[in-house]
Amino acid sequence: MYESVLGFKKPILGLDIGYKTLKVMQLRGDGPGSSLLGVAEIQIPPRSLGKEGIKEKEAIAKAITNAMLSAKPHSITAKIVSSALPESLVFTKSVDLPTMTPQEINKNIPYQAGEFFPIPPSETYMDWQVVGELPGTNTTDVLVVAAPKIIIDSFAETIKMAGLELMSLETKPVADVRALISGSDRGPYLILDLGAKTSSLTCYDQGTVKLTSTISIGGDDLTNDFQPNLKNMVTEIIHFAKYYQNRIGQATIFHKIILAGGGANTNGLRKTLEDATRIKTEITWPIIKTKTYNPKYATVIGLAMKRI
Ligand SMILES: Nc1ncnc2c1ncn2[C@@H]1O[C@H](COP(=O)(O)OP(=O)(O)OP(=O)(O)O)[C@@H](O)[C@H]1O
Ligand SMILES: [Mg+2]
């Protein structure tokens, strides 16, 4: 229930449920000084996580327990879980509101949400964040996110079945950012997380996640047929960057594209993307202390780093 009692910090278990594997991680220590206590990746049935949430709850609960036991170099004992949803399962909408107080925004958002989300507000958990004031107007840009209750409840239930407790559920791009970008670094960067079948593209600017979208091309597609899939990916990246520039009315120059996800290991990807987009592209090392790093662990590192 409490992350800290009498100053004793309870250890956190990062849990990343992906397309065909799940990953668990526990760290020692806090923030950039932390280091790995244990990590494991284990196979799960493909598409275990969908629009209705986690399908085989019992099987996934067992997989989590097995992963914790088999983690290296040490097995994982943390009971408090920090996990994430793919951006594609979360509804986000940026709305322009006349400038008002947070209390007024709180009242206003659920009222309006019925119009711009495809499911009733009563079936979602909702949150919002002020992105910024639009220059020269009395208007505030507010990012509203809503996750279906059915999905969040299925996480909580599965995690409980494994004898654990869900403390935090965020989106995967937010976890990637925590793992890869230090708090004092304000960007602007693009983050491309290449999963098995899909990828997420995130705009990080002024120290926060500003925009995310999903691309229906993943590492498997690049492995099967590199050229055409990469070409489509580049088109989407350029379109996304332009959309962001238009939206905020400024020609933001992205300093780099940060690659994450297992698909970032694809041969020739980094250089080809860099040449095609003319944006410096790299797999950046996570901000925790580690001697080895595979970009497929970016999300779970960020989740394990989560503190309230
Ligand atoms: N060494 C490698 N070379 C090329 N591709 C690789 C390599 N290792 C992993 N991949 C690709 O990465 C994919 C898995 O990446 P990752 O573990 O990040 O996906 P995921 O997190 O399960 O997926 P998602 O985030 O979409 O749910 C594999 O399906 C494969 O396409
Ligand atoms: Mg992933």
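In what order do the 6 strands of the open sheet with mixed pairing run? Let's start there. The order is β8-β5-β4-β3-β9-β13. Strands here are DSSP E runs of at least two residues, helices are H or I runs of at least four, and both are numbered from the N terminus. Two strands count as paired if DSSP finds at least two bridges between them.

Before you click further: this is a predicted model, in which local features need pLDDT of at least 70 and side-chain atom pairs count only at pLDDT 80 or more, while totals for chains, interfaces and linings use all residues. Residues are numbered from 1 along each chain as its sequence is written, chains are lettered from A and ligands numbered from 1 in the order in which they are written, and side-chain values use heavy atoms, with hydrogens and water left out.

**Stop 1: the six-stranded sheet**

Select β8 and β13 (165-171), the edge strands, each of which pairs on one side only. Now add β9, residues 80-85, which pairs with β13 in the parallel sense over 6 bridges. For a landmark, show Leu85, which stands opposite Thr171 in β13.

Go back to the other edge and pick Pro73, which sits in strand β8 (residues 72-73). The peptide bond leading into Pro73 from Lys72 is cis, with omega near 0 degrees. That deserves a look because most peptide bonds are trans.

**Stop 2: a link across the chain**

Show Lys20 and Asp220 as sticks. They form a salt bridge, with the closest N and O atoms 3.2 Å apart; the rule asks for a side-chain nitrogen of Lys or Arg within 4 Å of a carboxyl oxygen of Asp or Glu. This pair links distant parts of the chain, 200 residues apart: Asp220 is in helix α5 (residues 219-224), and Lys20 is in the loop between β3 (12-17) and β4 (21-28). In total, the structure holds 11 salt bridges.

**Stop 3: the five-stranded sheet**

Next, select the open sheet of 5 strands, ordered β16-β15-β14-β17-β18 with mixed pairing. Its edge strands are β16 (208-215) and β18 (281-282), each pairing on one side only.

Come in through the loop between α4 (172-180) and β14, where you'll find Pro188. A cis peptide bond joins Gly187 to Pro188, with omega about 0 degrees. Carry on into β14 (residues 189-194), which pairs with β15 (residues 199-205) in the antiparallel sense over 6 bridges. Leu190 stands opposite Cys203 in β15.

Now follow β15 across to β16: these two run antiparallel and are joined by 7 bridges. Thr202 has Thr212 in β16 as its bridge partner. Which residue in the turn of the hairpin formed by β15 and β16 has a positive phi? Zoom in on Gln206: its phi is about 50 degrees, although it is not a glycine. The hairpin has 2 residues between its strands. Gln206 stands out because most residues other than glycine have a negative phi.

**Stop 4: where two domains touch**

Finally, color by domain. The domain assignment, automatic or from a database, gives domain 1 (4-86 + 150-173), domain 2 (88-146) and domain 3 (182-283). The contact between domain 2 and domain 3 takes 6 residues from domain 2 and 4 from domain 3, with contact meaning heavy atoms within 4.5 Å. Their C-alpha centres lie 26 Å apart.

About 470 Å² is buried between domain 2 and domain 3, and carbon and sulfur atoms give 33% of that. Buried area is the accessible area (1.4 Å probe) that two parts lose on being put together, summed over both. What about salt bridges: how many does the rule find across the interface of domain 2 and domain 3? The count is 0. On the domain 2 side, select β10 (91-98) and β11 (124-134), the elements giving two or more residues to the side that touches domain 3.
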